[in-house]
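Subject: Structure for you, with notes

Hello,

Here is the structure I promised to pass on. Please open it first, then read the notes below.

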Amino acid sequence: MRRTLVRHTNMEPILLITAGVFFAGYAVLILYYRYCWLQIPTFLGASGKLSSGIHLSTKITIIIPARDEEQHIGKCLQSILSQTYPIDLVEIIVVDDHSTDRTAAIVQSFNQGNIQCIALKDHVNEKLNAYKKKAIEIAISQSRGDLIVTTDADCTMEKNWLSTIAAFYENFQPVFIAAPVAIDGSSFLGIFQSLDFMTLQGITGAAVFKKIHSMCNGANLAYEKKAFYEVNGFAGIDHIASGDDMLLMHKIYTRYPDRVLFLKSSEAIVTTEAMSSWTDFFNQRIRWASKADTYDDKRIMAVLVLVYFFNLMLLLLPITAIFSNASFSIGQVNLTIIQYWFFLLVLKTVTELFFLFPVAAFFNKKNVLWWFPAAQPFHILYTVIAGWLGKFGSYHWKDRSVK
């Protein structure tokens, strides 16, 4: 391919070539993720296993850290109590993280013998940077289950969620299970989050199945209690505000690389609500990005660097075009910088849609894919901003300022 640049400064050729190289690497990565996602066997779930007369016997402790969740915690607990899994094998521990609303009162109002509400303030006197990790750690220390399942207070589940997790656990004996999470939303912001999160979930399944890198979400995790203690729990990562999911996952993966699995079953999907404002959304994503440079799993760092800098190139190209009328040719086609940017943007969108189609089919969300092209510019912008602030800025979460 012949490439000639004209009417340019010295920096423009470097920017254009770099953007092209990053796109090539990004496209290969996304297409490989699609291949891996399609390779994951779909687990039949509880409906298939229980209809075959299989008796499930795993004792499960569900841990829900909650801070000011009076609007959600009741619905979450009700969906858990409606599970098909034997109730005598289930223990629910809600850890009230210094709530100022009726969260604890709502939990206690259920008056169920298998629901326990722990006040974090009774166990923590000093100021922490990682309250959620401490909440989970305390809950595990008081748990009776062999399998720990974590979720969030704003989540709901279908009736076979626990049975599917237990059946998967008893079939394959994993020590750590990453399970699927979906975001629901009807506004543009909600649909944007649904698309973005669905992409992350597809990558999660592909990465865990092929052991490319560690990735999961704390809204739907399961791991053996003994494995948690074998890796000394959150020791060594307890100073990091986020990372109760992925950082722990990698610690367990390091000890048991063949027993960390992804549960691909529609019956195991947990649904969570979208952030209600762009501010809350950015704070959430900055919180997630803030743990990036603390990963011991260097494989994911290479992926994050590639994704970040490709999106950065797509942000810089139109800015460069404002100050330059440079053009260049690819073969017989002559392009300006803005045309080249648009060309890369279209290729990126097509590549990602090709990846997303089977993932959206799994989550039964193919209808939202129509919004994907419109969401693309917002995705590029937030990726660059959240990635930068996650490293160099601070964020607010649950009325706490975290650096």
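Let us start with the rings. The count comes to 26 aromatic pairs. Rings of Phe, Tyr and Trp (its six-membered ring) pair if their centres lie within 6.5 Å; planes under 30 degrees apart count as stacked, over 60 as edge-to-face and the rest as tilted.

Take one pair, Trp 37 and Phe 362. Their ring centres are 5.4 Å apart and their planes stand at 75°, so the pair is edge-to-face. Trp 37 is in helix α1 (residues 11-39) and Phe 362 is in helix α12 (residues 337-362). They are 325 residues apart, so to speak of distant parts of the chain is fair. Helices are DSSP runs (H or I, at least four residues), numbered from the N terminus. Both Trp 37 and Phe 362 are buried. Buried means under 20% relative accessible area, exposed over 50%, and partly exposed in between (1.4 Å probe, protein chains only).

Now Phe 281 and Tyr 382. The centres are 5.0 Å apart and the planes are at 65°, so this pair is edge-to-face. Phe 281 sits in helix α10 (residues 278-289), Tyr 382 in helix α13, with their positions 101 residues apart. Phe 281 and Tyr 382 are buried. They belong to one aromatic cluster, with Phe 188, Phe 192, Trp 278, Phe 282, Trp 371 and Phe 378.

A word on the source. This is a predicted model: local features need pLDDT of at least 70, side-chain atom pairs count only at pLDDT 80 or more, and totals for chains, interfaces and linings use all residues. Residues are numbered from 1 along each chain as its sequence is written, and side-chain values use heavy atoms, with hydrogens and water left out.

Next, charges over rings. Arg 34 lies over the face of Phe 354, at 3.7 Å from the ring centre. Arg 259 does so over Tyr 256, at 5.4 Å. The rule asks for NZ of Lys or CZ of Arg within 6 Å of the ring centre and within 35 degrees of the ring normal.

How many salt bridges does the structure hold? There are eight. Each is a side-chain nitrogen of Lys or Arg within 4 Å of a carboxyl oxygen of Asp or Glu.

- Asp 196 in helix α7 meets Arg 285 in helix α10, at 2.7 Å from N to O. Both are buried.
- Lys 348 pairs with Glu 352, with the closest N and O atoms 2.8 Å apart. They are four residues apart in helix α12, so about one helical turn separates them. Lys 348 is buried at 0% relative accessible area, and Glu 352 is buried at 6%.
- Lys 132 pairs with Asp 244 at 3.7 Å. Lys 132 is partly exposed at 25%, but Asp 244 is buried at 6%.

Last, the cavities. The structure holds three of 30 Å³ or more. On a 1 Å grid over the protein atoms alone, a cavity is a set of points where a 1.4 Å probe fits but cannot get out; lining residues have an atom within 4 Å of a point. Grid points are joined across faces, edges and corners, and a volume is the space filled by probe spheres set on the points. The largest cavity has a volume of about 90 Å³. Its lining includes Phe 192, Asp 196, Glu 352 and His 379. Helices α7 (188-210) and α13 (372-392) each give two or more residues to this lining.

Best wishes

How values were computed. 1 Å grid on protein atoms, 1.4 Å probe; cavity = no way out; pocket = protein on both sides within 12 Å on 5 of 7 lines; lining within 4 Å.
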